[in-house]
Amino acid sequence: MHFIYFGLIISSILGLVELDASTDDPIPDNVLSIWSNRMGSELNALSEMMTRRNKVLESFKEARVEPLQGTKLAEEIAKDLKQMMDAKMKAIERIMDTAQSAAKEFMDKGGKIPDDYKYYNSKHLVEPGTLAVDPLLQVRDEPKEVDPDKQEPPDPRMEMQLEPNRHFNGVYVNTTLSAVHVPTNIYDRSENVLPAIVWSEKLEPIFRDNYLRDPSMSWQYFGSSSGFMRHYPAKRWETDHVDLYDCRTRSWYVEAATSPKDVLILVDNSGSMTGERKEIARHVVTNILDTLGSNDFVNILSFINITKEVVPCFNRTLIQASLANVRELKIGMEKMEPAKNIANFKVALEDAFHILRNHYNSNRGSQCNQAIMLITDGVPYNYQEIFQKYNWVDYPKVAVRMFTYLIGREASEVREVKWMACANRGYYVHLSTTAEVQEQVLQYVPVMARPMVLQRTQHPIIWTPVYADITDPRMTDWLWELNEREEQRERSLLFRRHKEEQDKKYVIRQKKIKDSDSDLQKYRLMTSVAIPVYDTRDRAKVQTGGPCKPVDPNCKEPVETKVAYLLGVAGTDIPIEDIVQLTRPHVLGVNAYAFIVTNNGYVLMHPDLRPVFQGILKPSYNSVDMTDVEIVDDDSRARNFSAELIRLRDAIVNQKKNQKTLKVKYHLDNLRRAVTGKRQYFYHPIEGTPFTLVLALPGHSDLHYKVSAEKEIKRLLSVTKYKSNAALNYFEGNDWSIHPDWNYCKYYYNDDPALNKKHDFGSPEEELVHFINRTGWPGWKWPSKPTDLRTNNSSSSKSDKSESEKGHDLWRESYFCDRSLFLSLVFDAAATAWFNDSVWSSVGVIEEKKNDFMQRFGPVTVFVATRSGLTRWQDFPSTDNERATHRSFGKENRRAIDEVWYKRAVDQHAISADSYVYSVPFEADMEEDDRRDIVVTATRAVFIETRGKKAPAAVIGVQLKHSALQSLFVNITYTCKDCKITCSSDDVKCYAIDNNGYVVFSEEVRDTGKFFGELYGGVMERLVDEGIFRRIKMFDYQSVCFRLAKCGEGNLSSKLESPLVWLGWLFNWLIGHVALLLTQMNMQWVGTLASFYTTDEMTDYPEYGAESECDDEAGGGEGGDRKQDNTLYANAIINRTRPRPCDKEVDLYTLDQKQHHKLSLKLMPPSRQAKPCDRPFKIDMIPNSNLVLIVVNRMCMMDAPALSITQNEVNYRATHNMTLACFKTRENNLSRKWPQPCIKDHPEEVNITELCGDGCSIRPNYWMAALILASYIVNTFL
């Protein structure tokens, strides 16, 4: 290696020697070639020397290359997933069986509950010892009078020991107990809640037993139809905001409780439906929509004389109840026309039946249950003839269920509304306030569950789409508003302090927040499997006519009748990260991945699934279709999906087995780089579930290869002379890391009785070292993942304990290891153990010359990452200050093959096997202070070859100070003898740009990381025209845009525009403008008032402002710039906005490195239209790199417009006159597979006659009658 070092020094000296170029060309082609060759050779020599690539290659000589058979691998992974999912389904079946028997036993014994009964309420758990010293529980001096008829409930607080458990994402839990969550609006000691809480305690041993059988079990729970949820393990229920959680509104509950359904909501919009009644109606609709899932279909019709869809483009149809569509319907309800005239119920009901019938006959929708939800304040009569014509054709079968919601305190037309529900297998509800809406709306769920309950034997198991644990999607808008308030406060403070230069820093910080994956950490994505739980009683006594008061002559005695009660739903969660582990990402390798598609075509897991935006769940995060993430490279417009992709999707949705190759395009670095290539898709159904596994492997042929190399631990133990495990020698020091998301070896539980300590590891590396050491223990064996640890324990020990005690210890000591991954890691560690040896001694740099070398070439870090997830690095801080401020490479780059630099290096090998990939941070991500510390990252893939077959084993790399390499770039390009000009001249400017068009080196540091097209749009256009760069249009179908919060919030028909309203508006305007004036005067005590008093006239901040028009689809969005007003306080004020799903598009660029031959482009090509000034330039490829040298003439004062790589919203309103939701519904009618089975009717349901709804008692209002009589007398006689 000595000659490389001396070659670098000599090359640097020669760089100062002037080149001879006697020619008329200002910069002759041969000079440009010399510059590029010299730059390439020096960069390559420096990179080769620092990374010691040849030694790395030599270290892997024992590795071999093996074929990767996609079809076989897909089958094996699908089998593993099926085994895991079968275990979860058996677990919830055990919960279901126990719940049904416990409920029946409790009811048969009379269901008596002690008055002092207490249970673990997860909202009221306290630390042990808290209650003993609580002064509130001390005996009072003055005894309180006790009402004998009113029993004081016991203190709900109970003590419980909670400990953090990493298996449950670090949450403090108790794995021996369960706890109960009760929604805020439910009284936990009511007669229909407390009995179920009591008998559900019998589920606790089953929860523990399930966890014993399968330690990979996550949260288990039973959600009761009365509202509470018993969950295991027990934990304290905490929320940063209001607790909106109600298990009955979660998808796992609703989808398990009812078969799929088509729901048509009819909203009476007559003149009487104003004010509070209209508000209640909106709440009813909102709560109905919140109970629907992706297997349901819905629409909303408002009606007066005719029916109108609240979303006009959803005309005469039903739409899938995805989050995006439900959101669109809610906005449509806010925009509903003012109430007027008299409602025509006949037209509304006939239209509803026609739509439902047509939808069913055309094989659309759920093809199962159908229901009409009528929301009104009264009907003139029951319209029996309409039901006879449309709904009673096969009586006693009823095709469409009818649910009626009577709105208003003084509603008197109860009989007809209730008859409509009771005669059509539905339910009637009378609502007087918004507070009772949610509880009453949920009454429809057990009614639609009756056919399932009556058939008793079949318990359909459902799987949910992906969702975020306990986060309520309804909080998206509110959380976004909190973010905007905080942003407004910070903006106001910056403006107030006259630090306008910090504006850009603020934007950069926000972009970093947006782009950071850390936002996802507070959300745990998962799917759930759930099963309905039935009340097995055939008859029971029920109270009709509503609850009775102590003295009520109208109260009816309980009667025994036919019943079909749904007790609730049992379920468990499967974290998506656990599913990812079973897809063997280390076997698939770099640039390959697995994903899972549901029966609706949505992705359950995918590496490009991005559910979070600035710390908040996106409005439609769980309905991302496969076509949204797998984009064909065919230059089509947005959502114009190719026929090949549609056929592939259809096969996957219908759970076929096959393979397909497509030419696709995908993005890296948060939609800043585009990559194209072929992918081969291998798909296989996961039997017994609605899911299909898909493996996507890169390559241009049907053959794929992987590196296979393992080092046996036992062999190392047999040859070692030391007591410690010899493999530990490969993991010395702290300059190494392993992939944090891969499971090499792990314990299932937190504690280990054999060691009398907890499995509490501070890092994955610490856990790995523990297991390497444990492989030397007597009795060690490689465990496989068990399905029942009681019969298949993964470790053994000799002891005098009883069988039960040993079984418990074995359970607690159980662990799982991926043997292949573990031994591959040991091999890679052994192969690279030398990497942390001093680079200087390896390359022959003596100590006296080290500082000179450091100053000249600026090395910062050298690293290697391997296919097993191992990363090693060596840092070179040159000063004490650098040591203090240096950000360790290993802490920020721990994911090996999943890092962008790893992927790009492997991709580059297919283009040019001898080249390094050079990159710098993007300009948009760098603050001004960061530019002094810019590093250039150079990476190169190390491929292993066996019998002509190659596969990547590792990626090596080095980080160098940008300032040092920029000096090298300047020294080379400023030197030329007899040239008329060089890059030092004002006439030209020189750049080195990467293969995606970003500036890596230039004469000015401020250009680093910028897109070259933003500097010289005309030149970039020429490069595209000449085929040197290719323009690739990328789409982001998961983006977020914004509309003004005031847009679409509904009309003001329910508000009286009295003088008080006008005075309120005037006061708001006055306070807002006074606050702005004082802010501009730098009065600190009012600096944040503007966040509460902003008007539509206040301009928005360019990054986060809102759209200029409420209904305009174009506008700012995720990562997009907003139009900036030039008013004085433009940078201090933002408009309140509401996030909405949208599509974005952006033009990205990639170098066609097949065109690396010498180019000399001076004149515009004849194919282009002449322009006032076509800027001359020269271009040449820098050898052994992904860089291009460009010399641009600066003398042309007129230039083409800059090219932007900013994402812009796809404006479907302009092209198709519809919103995104409408476009997807009307134009992208993608196929789906109906879930099975469908249980929608049962012959015995006709015998359930007493349970079709109760409402508020209707009694005459004597005061109102007196007022009416008095008014009549006054108007008549006076």
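How much space lies in the largest cavity? I looked that up to start, and about 280 Å³ lies there.

**Ground rules.** I am working with a predicted model, where local features need pLDDT of at least 70, side-chain atom pairs count only at pLDDT 80 or more, and totals for chains, interfaces and linings use all residues. Residues are numbered from 1 along each chain as its sequence is written, and side-chain values use heavy atoms, with hydrogens and water left out.

**Cavities.** I searched the whole structure and found eight cavities of 30 Å³ or more. On a 1 Å grid over the protein atoms alone, a cavity is a set of points where a 1.4 Å probe fits but cannot get out, and lining residues have an atom within 4 Å of a point. Points are joined across faces, edges and corners, and the volume is the space filled by probe spheres set on them.

**The largest one.** I listed 25 lining residues, and Ala324, Ser620, Pro1141, Cys1142 and Leu1220 are the closest to the centre. Helix H9 (323–334), strand S44 (1029–1044), strand S45 (1137–1151) and helix H36 (1220–1226) each supply at least two lining residues. Here helices (H or I, at least four residues) and strands (E, at least two) are DSSP runs, numbered from the N terminus. Domain 2 (260–441) and domain 3 (589–703) each give at least three residues to this lining; the bounds come from an automatic or database domain assignment.

**The second largest one.** I noted about 100 Å³ of space for this cavity. Its lining has 15 residues, with Ile631, Val632, Asp634, Asn640 and Phe641 nearest the centre. Strand S27 (631–632) and S44 are the elements that give two or more residues to this lining.

**A sheet.** Next I followed an open sheet of six strands, in the order S24-S23-S30-S29-S28-S27, with antiparallel pairing. Two strands pair if DSSP finds at least two bridges between them. Why is one side of S24 (603–605) and of S27 left without a neighbour in the sheet? Both strands stand at the edges with a single partner strand each, so one side stays free of a neighbour. I also checked S28 (residues 658–668) and S29 (residues 673–685): they run antiparallel, joined by 11 bridges. His667 stands opposite Ala674 in S29.

**Helices on the sheet.** I saw helix H4 (residues 70–108) pack on the sheet, touching S23 (593–597), S28, S29 and S30 (692–698). Contact means heavy atoms within 4.5 Å. Helix H30 (residues 900–911) packs on the sheet too, touching S28 and S29.

Notes
On a 1 Å grid over the protein atoms alone, a cavity is a set of points where a 1.4 Å probe fits but cannot get out, and a pocket is an open set with protein on both sides within 12 Å along at least five of seven lines; lining residues have an atom within 4 Å of a point. Axes are lines fitted to C-alpha atoms, for helices over the stretch in contact, and angles run from 0 to 180 degrees between N-to-C directions.
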